[in-house]
Amino acid sequence: MIDFGGWELPVQYEGIIEEHQKVRNAAGIFDVSHMGEILVKGPDAEGFLEGLVTNSILKTKENQIVYSPMCYPNGGVVDDLLVYKYSREYYLLVVNASNTLKDFDWLTENKGGQVEIDNVSENFVQLAIQGPKAESILQSLTDTDLSGIRFFHFLPQTLVGGFNAIVSRTGYTGEDGFEVYLEAGSGEALWNRILEAGKEEGLVPVGLGARDTLRFEAALPLYGQEISGEISPLEAGLERFVNLGKDGFIGKEALQEQRDKGLKRKLVGFEMVDRGIPRSHYEVKLNGKTEGFVTTGSYSPTLKSNIGMALINSQYAIEGNEIDIEIRKKCARAKIISLPFYSKKYKK
């Protein structure tokens, strides 16, 4: 167990590699109740959010979800979040645990029009069931046809294991799966029912360690590593979630300038040629000069090799180029390869 943004969370149950492989081949259940939930409602809710997030929500249908960064005026990222649309006047934002209060304050500071903002994080438990057998396991606990929930869509109210819940086809592993939100007091009971229901299918509980290696292989960004207040979504390769064609939003001018002038830094994937495991914030060097830093690095249980992502000088961000990673004051060779490392298996 470790402290994670003020929460006590498990790094592993049986082992990071074992849990990782179970999610890739069967299914895993994650307790992600540390994530934050913020309600935004009122007649001007849609326009208010459209002015804060980089992606567009105007054409989003009810019961659809949008992933989007939310930026500072300088183009740095306040947070990346999920926007659950109930209606044009009612949205649920799911934000990163360590950023919940910061995000709530940012929304409140920039509040405009007839909008109510409410931090309801304490009301929710969130469980994620991920992997190729996730649907069949969860289906055994509900009469609702889960195959009818499309990728990045949700059901606002359904019974799962006897509990009223929000069920969305979302996740953070690169696999098909669901995230279930329910009343905080019911979380432990549903967790146990899901584990029991999935026992024969190979379902296992999964900790933070495998959660990180799974999302990392799929090249999904983590706040504080691939994106931050100093790293823009364009630098992090998230341009498809930045709609510079829509009306003004906070950070648009800075991001437009970045794109027009050309990015000075880019996120790349790499595989170690020499021995050594790259870790976050290790320096990336070329010809003895520091040209960037590792954002995430690890042994990949799927690829069975040491890999990483790094933010480096754009002129060197070319697939096939060799770079040096400084590991314990010694340089180890690595080669830039394409992202993602693992092809996502989402059911769309």
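Gly 269 has Ile 337 of strand S19 standing opposite, and this pair belongs to the stretch in which strand S14 (residues 265-272) and strand S19 (residues 330-337) run antiparallel, joined by 4 bridges. The model described here is a predicted one. Strand S19 also pairs with strand S18 (residues 322-327), again in the antiparallel sense and over 6 bridges, and within that pairing Asp 324 stands opposite Arg 333 of S19. Strands S18 and S19 form a hairpin with 2 residues between them, and in the turn Arg 328 has a positive phi of about 50 degrees.

From here the reader may turn to a sheet of 6 strands, which is open, has mixed pairing and follows the order S10-S11-S12-S9-S3-S13. Its edges are held by strand S10 (154-160) and strand S13 (204-205), and because each of these has a single partner strand, one side of each is left without a neighbour in the sheet. Helix H5 (residues 187-197) packs on this sheet, touching strand S3 (28-31), strand S9 (124-130), S10, S11, strand S12 (177-183) and S13, and the direction of the helix makes about 15 degrees with that of S9. At the S10 edge, the partner is strand S11 (residues 163-168), with which S10 pairs in the antiparallel sense over 5 bridges; there, the bridge partner of Thr 158 is Ala 165 in S11.

Another open sheet is formed by 5 strands in the order S5-S6-S7-S4-S8, with antiparallel pairing. Strand S5 (64-71) and strand S8 (116-119) stand at its edges, each with a single partner strand, so that one side of each is without a neighbour in the sheet. From one strand to the next, the twist averages 25 degrees. Within this sheet, strand S6 (residues 77-87) and strand S7 (residues 90-95) pair in the antiparallel sense over 5 bridges, and Val 83 has Leu 93 of S7 as its bridge partner.

Strand S4 deserves separate attention. On one hand, S4 pairs with S7 in the antiparallel sense over 6 bridges, with Gly 36 standing opposite Val 95 of S7; on the other, S4 pairs with S8, likewise in the antiparallel sense, over 4 bridges, where the bridge partner of Val 40 is Ile 117 in S8. Of the 6 residues of S4, 5 are buried, so the strand is largely enclosed by the rest of the structure. For this step, a residue is taken as buried when its relative accessible area is under 20%. Helix H3 (residues 100-109) lies across strand S4 (36-41) as well as S5, S6, S7 and S8, and runs at about 170 degrees to S8.

The last feature to consider is a pocket. The second largest pocket encloses about 210 Å³ of space, and the residues that line it are Asn 74, Glu 235, Ala 254, Glu 257, Gln 258, Lys 261, Gly 262, Leu 263, Lys 264 and Arg 265. Helix H7 (residues 252-261) supplies the largest share of this lining, namely 4 residues. By residue class, the lining of the second largest pocket divides into 5 charged, 3 polar and 2 nonpolar residues. Arg 265, one of the lining residues, also brings the reader back to strand S14, whose range is residues 265-272.

Notes: Residues are numbered from 1 along each chain as its sequence is written. This is a predicted model: local features need pLDDT of at least 70, side-chain atom pairs count only at pLDDT 80 or more; totals for chains, interfaces and linings use all residues. Side-chain values use heavy atoms; hydrogens and water are left out. Two strands pair if DSSP finds at least two bridges between them. Contact means heavy atoms within 4.5 Å. Axes are lines fitted to C-alpha atoms, for helices over the stretch in contact, and angles run from 0 to 180 degrees between N-to-C directions. On a 1 Å grid over the protein atoms alone, a cavity is a set of points where a 1.4 Å probe fits but cannot get out, and a pocket is an open set with protein on both sides within 12 Å along at least five of seven lines; lining residues have an atom within 4 Å of a point. Grid points are joined across faces, edges and corners, and a volume is the space filled by probe spheres set on the points. Ala, Val, Leu, Ile, Met, Phe, Trp, Tyr, Cys and Pro count as nonpolar, Asp, Glu, Lys and Arg as charged, and the others, Gly among them, as polar. Buried means under 20% relative accessible area, exposed over 50%, partly exposed in between (1.4 Å probe, protein chains only).
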